[in-house]
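This report describes a protein chain through its charged side-chain pairs and then through its overall build. Please keep the sequence and the structure at hand while reading.

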Amino acid sequence: MAESTARRDLLLSIQNESQAKWEAAKVFEVDAPTEGAATGKFFGTFPYPYMNGVLHLGHAFSLSKLEFAAAYHRLCGKNVLFPQGFHCTGMPIKACADKLAREIATFGNPPQFPSGDDAAVQPEQEEEAGSGDPTKFVAKKSKAAAKKGTGNTQWDILKMSGIPEEEIAEFADCGHWLRFFPPLAVRDLKSMGCGIDWRRSFITTDVNPYYDSFVRWQFEVLHKQGKIVKDKRYAVYSPLDGQPCADHDRATGEGVGPQEYTLIKMRVLELNRKLGALQGAVHCPVFLMAATLRPETMYGQTNCWALPDGDYAAFRGLNGEIYVMTDRSALNLSYQDRMPETGKPEKLMDLKGSDLLGLPVQSPRTPHNHIYVLPLLTILTNKGTGIVTSVPSDAPDDYAALMDLVNKPKLREKYGILDEWVLPYKVIPIIDIPGFGTAAAEKVCMDMKIQSQNDAKKLAEAKQMVYLKGFTDGVLVVGEYAGKKVSEVKAVIKNEMISAGEALLYSEPEKRVMSRSGDECVVALTDQWYMTYGEQEWREATEACLKHMELYDDNTRHQFEHTLGWLNQWACSRSFGLGTRLPWDPVYLVESLSDSTIYMAYYAVAHVLQQGNMYGEGASIIKPEHLTPEVWDYIYLGAEEPIDSPIPTELLQTMRREFEYWYPFDLRVSGKDLIQNHLTFCLYNHTAIWAQQQQYWPLSIRCNGHLLLNAEKMSKSTGNFKTLQQAIVEYSSDAMRIALADAGDTMDDANFEHTTANGAILRLTRELAWIEEVLTAADTLRDEPPTSFIDRVFDNEINIATHRTREAYGRMLFREALKSGWYDLLNARDVYRFACGPEGGNRRLLLRFIEVSTLLLVPVCPHTCEHVWSNLLRKPGMAIKAGWPVSEAPDYVLQQAAKYLDDTIAHLRKGIAKAETPAKAKKGEPPAPAKKVTGVDVYVVDRFGGWHAKVLAALAVMFDEATNTFPADAMQQVLSILSSDPELALMNQKALKQTVMPFAKFRIDIAVKGGAAVLKDRLPFDEVALLQENKAFLLRALLISEMEVHAVSFGEQQTTQDARIAAATPGSPAAIFKTAE
């Protein structure tokens, strides 16, 4: 039987009605006031999503943080601007279009792909070797790779995105992507109910001439400031694309940068074995090229390593030299002006590692005239050159492998290694490291009981221990720099070897990087334009900006600080792709992360320029050619009005007013992965463009983790994936939004639960039904001020929810806001309904609850709340702009009294259950008859005495009433005071802690909420009167017919013979039950 969708369909109907109402009223279209506004403003932005597909739940999760915040500020009466553009710059769209065109050209339309994965993109291979810089963050897999999965053709990707097969071929044209996906994103964000001013939407690239002009102006300003320079720098580079490959151009390897090595040139002294074929080239010296991160350790070389089964080759180098290395590293080197022809290493012969074993080589800085090539089985040929220097004094891997050869004759025999190649070469002490001595590798291997080169985990740990300590604290004990710290002379030694022709600089990607065009990237020495990020004065200004920003999470701040610490020059231009051309060098395009740094300022004027058309094709009296640098300077930099501009003065003033009113942006939300590039670039560019106008620097950034779907990573290839449209259709927007709010607020990965969204459908529709019932029966409810205890408690719970929810929204803790403003408040309502019993609830209070609960939920569930506000409560105006509900200050003492009542009921129920449980019958005897509790005598003690009172007195002295806080060591102070108390003198410290600490901790917790009143020796409410007032409720809740409440003074309690009464304390009364069989 098909599952009924009536409840979901009701929410979708309400959703459509509410959205139509907002659309008709243009409620989200907002302009800067012509005069100073009494209400505040809120301007928030979300990174424009890349338009190579439809939006999915991951987009919706990050964007929901801004949507909830904007809705909250709109509800509170602020002018709220939430605009949204769409990103099309760079290689991703072009790469996808080109790939599709190749597939169609190769396999037909529709394509008939070979069986298996022959036509598919191969999955990324994980690399075990770590980065040379352990402090540098490197992403393992980009969002593009996660989105695409492995083994999918471009045709399949588009098909899985819901594109009809007969339309897929049109996507071989880049322009079709720009026209197809942005309107779908608008459709889905409208369906989500986002309060976006769509007049200000735009796409990037020169397809939109207005935005194109804005980006050209931005780069002109930066260029004049000297922030953009042309130079040769190492950059991750796509050979297929013929240009640098930035983060957004990558299928895998986002965040990966160049890793610099020193290539040690080890001259081969005897060209034997297969290398003998090079004998004729007598004037061509042959070098094994060993990549190292530690050139200062070359004094300690005892041998050289090669992978016996590894694939190597001999390549023609510069100046008639021949280099032996791997194909991959030779390709990288050829792009770095280190080979005769760029990108085309000339291979002279293929080699196996076994061909190199036993070769004598001459290596710089080692005291030996020659050393030999030996086998190392753990070499990874996807890092470095496959040739590895051996310094067993300071490298644990080298020491372990050398000891394997020294101690295992059969291992030497297996690879044909002669004794004289190994045994004479002893460890050479070169660096004195505090705590490790002059043979650090040997010591740490001994200490950790490392048995062989196969102890990979221990060796990795040993390497971390030795390498960092060696660099920071190590002192050379050999060579001309003996007595100098390694950190002082490392660069000097490297440069000396390079100058002497003994070494070369070499770079490669820190990890494998695949471009979106499908090729593996290299590092190339490229002559192009760079942003001078990292320049001291600029970085200091950006650090000053960051210092004054609200980031909501210390981890976010740490990641920004870390990025500012390592980020340096950034290649900002490209030769191919989509985008804006550099105004002074139009052969280059601005790359996709560099045209995305201050576009938030463009939102301020987009509606004036583009007249609501995202492509800039609207009927505007301002033409793109009118937007001269002087016009942009007037709008954004406060310059004089341009002379002879065809733009009317009124419109120029309007655009300047829009910018000056809305800027700076109050909030930017984003996934945490953008801290290392886009978000930091954003700060840098703001501090440069508005260097003299710091009032326009960003105010806050809120980052979040990624979104899991049902506790698993979202992936199209596994089917665990939902587009935004699919989620809205399945759950309704409001139910989906509840699940997004409930998913999480921290930097950790959040989790969208199907059960939460599905449950929200039920809860929302049930709540609607209950509200209709209450409103229908409103005239039959008791109508009086909420003066009874249960009325006052419920009224107070509404006040508490109003207070806590506002605080949570203000701190952007939406899960907490949902809990306090919906889950907890609805639970309080249910408790109130039960407590009211047959008399029913208070009409005024229930109506207040409906109104307040509706408004508290507006930011998360605007459609349902709009329906309740307008259609059920018949309130004027719109719920989304109704104002935050008015409430009195929370009364936490009253809340404590209510909790006391709940706890007392729970305590008495347990007591009743125990009293009614018959005693266990003895063997052979009939079971005892069941008992029924008919009544209870409750004994209430008036105050605390003894050590309880002393704890309270001690805490009262420590309590700061101004801040409702205690000293951090409050518990320790209490323990110290009570340790000398005669009443507790016989207790040891363990027993004292178990007795005193729980009571002290409980009092501290409730004092933080309830204030100093809870630290008195008497409860802040009349316990006896409370029980008497709620006697009928208690009898009904306990299913008994009789209850008597007895007041007992502390003095009387000390003389009682009844142990039950003697154990009572304020807040924990004694109970004596009456039973009948």
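## A salt bridge between distant parts

In this predicted model, the side chains of Arg179 and Glu617 meet in a salt bridge, with a distance of 2.7 Å from N to O. The two residues belong to distant parts of the chain, 438 residues apart: Arg179 is in helix α7 (residues 174–192), while Glu617 is in the loop between α18 (599–610) and α19 (629–637).

Neither side of this pair has to be described by guesswork, since accessibility was computed for each residue. Arg179 has a relative accessible area of 38% and is therefore partly exposed, and Glu617, at 46% relative accessibility, also counts as partly exposed.

## Salt bridges between buried residues

Arg328 and Glu508 also form a salt bridge through their side chains, at 3.0 Å from N to O. Arg328 lies in helix α9 (residues 327–334) and Glu508 lies in strand β17 (residues 503–509), so this pair ties together parts of the chain that are 180 residues apart in sequence. Arg328 and Glu508 are both buried.

A further salt bridge joins the side chains of Arg782 and Asp791, where the N to O distance is 2.8 Å. Arg782 counts as buried because its relative accessibility is 18%, which falls under the 20% cut-off. Asp791 counts as buried as well, with a relative accessibility of 0%.

## A shared network and the wider charge pattern

Some salt bridges share partners, and in this way Glu29, Asp31, Asp197, Arg199, Arg200 and Glu658 are joined into one network. For the model as a whole, the count comes to 59 salt bridges.

The chain carries 115 positive and 137 negative charges, and the mean positions of these two sets are 4 Å apart.

## Overall build of the chain

The secondary structure of the chain comprises 36 helices and 30 strands, and the C-alpha trace spans about 115 × 85 × 65 Å along its principal axes. Of the 1077 residues in the chain, 55% are buried.

Among contacts with a separation of 6 or more, 77% are between residues 24 or more positions apart. The surface that the chain exposes comes to about 45500 Å², of which carbon and sulfur atoms supply 51%.

Definitions and conventions: Residues numbered from 1 in each chain as written. Predicted model: local features only at pLDDT ≥ 70, side-chain atom pairs only at ≥ 80, totals over all residues. Heavy atoms only, no water. Helix = DSSP H or I, 4+ residues; strand = E, 2+ residues; numbered from the N terminus. Buried < 20%, exposed > 50% of the residue type's maximum accessible area, 1.4 Å probe, protein only. Contact = heavy atoms within 4.5 Å. Areas by Shrake-Rupley, 256 points an atom, 1.4 Å probe, with all protein chains shown as cover. Lys, Arg positive; Asp, Glu negative; His and termini not counted. Charge placed at Lys NZ, Arg CZ, Asp CG, Glu CD. Salt bridge = Lys/Arg side-chain N within 4 Å of Asp/Glu carboxyl O.
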